[in-house]
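User: I am new to this structure and would be grateful for a close look at how its first helix is placed against its neighbours. Please set out the terms as you go.

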Amino acid sequence: MAIPPLSLFVSFSIALTLISFLSLYYGIFFPFLVNAIASLLIFFGIFIAWVKFAREELTLTTLMKIPLYILWKIPLYFKFLFKRENQWIRTERDDI
């Protein structure tokens, strides 16, 4: 439960890379370089894992839809952070 979802991790990585891209305007190259390399390693790691373990279960077209999935998840993360549920809602279950 303490490990964040991969989509959140990738979102943070992309956001940090874009923010560090602004440092290039001020002539500071190192933060962008570190974040760009880290982002590339994340994407290559996901791609290599897909090739080795999930190519038969997950098609390439489905894999290419992952950025849309990440964009879809961003509002859910903001809702979790800023509009938290205060009430516990019991799930209905069938009697066995």
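Analyst: The following account takes up the helix H1, its contacts, and then some further residues.

This is a predicted model, in which local features need pLDDT of at least 70 and side-chain atom pairs count only at pLDDT 80 or more, while totals for chains, interfaces and linings use all residues. Residues are numbered from 1 along each chain as its sequence is written, and side-chain values use heavy atoms, with hydrogens and water left out.

Helix H1 covers residues 6–21; helices here are DSSP runs of H or I with at least four residues, numbered from the N terminus. Helix H2 covers residues 30–54. The axes of H1 and H2 come within 8 Å and cross at roughly 150°. Such axes are lines fitted to C-alpha atoms, for helices over the stretch in contact, and the angles run from 0 to 180 degrees between N-to-C directions. H1 and H2 are therefore roughly antiparallel, a term for angles over 145 degrees, whereas under 35 is roughly parallel, 65 to 115 roughly perpendicular and the rest oblique. The crossing of H1 past H2 is left-handed, meaning that the near helix is turned anticlockwise from the far one by less than a right angle.

In H1, the residues that meet H2 include Leu-6, Phe-9, Val-10, Ser-13 and Ile-14. Among their partners in H2 are Pro-31, Phe-32, Asn-35, Ala-36 and Ser-39. Contact means heavy atoms within 4.5 Å. The residues of this contact of H1 with H2 divide into 12 nonpolar, five polar and no charged. Here Ala, Val, Leu, Ile, Met, Phe, Trp, Tyr, Cys and Pro count as nonpolar, Asp, Glu, Lys and Arg as charged, and the others, Gly among them, as polar.

H1 also packs against helix H4 (residues 66–82), at an angle of about 95° and with the axes 10 Å apart. H1 and H4 are therefore roughly perpendicular to each other. Ser-7, Leu-8, Val-10 and Ser-11 in H1 meet Tyr-69, Ile-70, Lys-73, Ile-74 and Tyr-77 in H4. The residues of the contact of H1 with H4 comprise six nonpolar, two polar and one charged.

The unreviewed UniProt entry places the feature "transmembrane region" at residues 6–25, 32–51 and 63–82. UniProt positions are given in the numbering used here, feature names are shortened, and annotations may be inferred rather than shown by experiment. In the model, residues 6–25 are 80% helix and 0% strand, with end C-alpha atoms 30 Å apart. Residues 32–51 are 100% helix, and their end C-alpha atoms lie 28 Å apart.

Two further residues can be set against H1. Glu-56, in the loop between helix H2 and helix H3 (60–64), counts as exposed at 77% relative accessibility; exposed means over 50% relative accessible area, buried under 20% and partly exposed in between (1.4 Å probe, protein chains only). The C-alpha atoms of Glu-56 and Ile-14 are separated by 28 Å. Glu-85, in the segment after H4, is exposed at 67%, and its C-alpha lies 27 Å from that of Ser-13.

Key
Helix = DSSP H or I, 4+ residues; strand = E, 2+ residues; numbered from the N terminus.
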